[in-house]
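Biologist: Got a minute to walk me through this one? I'd like to go over the sheets, then the core, then the rings.

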Amino acid sequence: MENEHLSVKINSDGTVNLTDKNTGRIFSNILRYEDVGDVGNEYIFKGMEKDTPILSGEKVTVEVVADEEYKAEYKISSKMMIPEFADETLRKEIGSMTHFRNRKAGRSEKFVEMTIDTYITLEKNGKALKVRTEFENKEKDHRLRVLIPTDI
């Protein structure tokens, strides 16, 4: 997608390269998703000690949603295999009232597929890329976040 202000390239792994034509600044590989385990409480994130982040990018499909004179829109669907919940240790730690900072639980060995749909839209005269993300979060004990490296 491209207009007088921005150029947008969708990479095969579902990330996006965004070029600001006015400044020449390039933002590469933005909109990657990262999933990690979380043994904190409902307010505070606490990562698991021996956890490897799971990144989007392996199962990706891209489709054109709109190709109009006034805008272009794409849907990027990423499928990630993530653990369904934390292992049984977390239930025991919660039951014994172990403070979240001292929890040692890991992630379940049962994996489920999570689909993340990201819609990116560029309007004819737009100075920003519009992004909308949709997913159904049925899994527990994890944190999903979008990564937007800016090198700023």
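**Strands, cores and rings**

Modeller: Let's start with one pair: Glu34 stands opposite Arg145 in S10. Before we go on, this is a predicted model, where local features need pLDDT of at least 70, side-chain atom pairs count only at pLDDT 80 or more, and totals for chains, interfaces and linings use all residues. Residues are numbered from 1 along each chain as its sequence is written, and side-chain values use heavy atoms, leaving out hydrogens and water.

Biologist: How many bridges join S4 to S10?

Modeller: There are 6, linking strand S4 (residues 32–37) to S10 in the antiparallel sense. Strands here are DSSP runs of E, at least two residues, numbered from the N terminus, and two of them pair if DSSP finds at least two bridges between them.

Biologist: And what's the strand order in that sheet?

Modeller: S5-S4-S10, an open sheet of 3 strands with antiparallel pairing. Strand S5 (54–55) and strand S10 (142–147) are the edge strands, each pairing on one side only.

Biologist: What about the sheet with S1 in it?

Modeller: That one is open too, with 3 strands in the order S1-S2-S3 and antiparallel pairing. Strand S1 (6–10) and strand S3 (26–30) each have a single partner strand, so one side of each is left without a neighbour in the sheet. The twist averages 10° from one strand to the next, taking axes as lines fitted to C-alpha atoms and angles from 0 to 180 degrees between N-to-C directions.

Biologist: Which residue in S3 is the bridge partner of Leu18?

Modeller: Phe27. Strand S2 (residues 16–20) and S3 pair over 3 bridges.

Biologist: Switching to the core: which residues have the most contacts inside the largest one?

Modeller: Met1, Val8, Val16, Leu18, Ile120 and Leu129, in a nonpolar core of 13 residues. A core is a set of buried (under 20% relative accessible area, 1.4 Å probe, protein chains only) Ala, Val, Leu, Ile, Met, Phe, Trp, Tyr and Cys residues joined through side-chain atoms within 4.5 Å. S1, S2, S3, strand S7 (71–83) and strand S8 (111–123) each give two or more residues to this core.

Biologist: Any rings worth a look?

Modeller: The search of the whole structure gives 0 aromatic pairs, meaning Phe, Tyr or Trp (six-membered ring) centres within 6.5 Å. Arg143 has its charged end over the ring of Phe45, 3.8 Å from the centre, and Arg132 lies over the face of Tyr119 at 4.1 Å. That counts if NZ of Lys or CZ of Arg is within 6 Å of the ring centre and within 35 degrees of the ring normal.

Notes:
Helix = DSSP H or I, 4+ residues; strand = E, 2+ residues; numbered from the N terminus. Phe/Tyr/Trp six-rings, centres within 6.5 Å; stacked < 30°, edge-to-face > 60°. Buried < 20%, exposed > 50% of the residue type's maximum accessible area, 1.4 Å probe, protein only.
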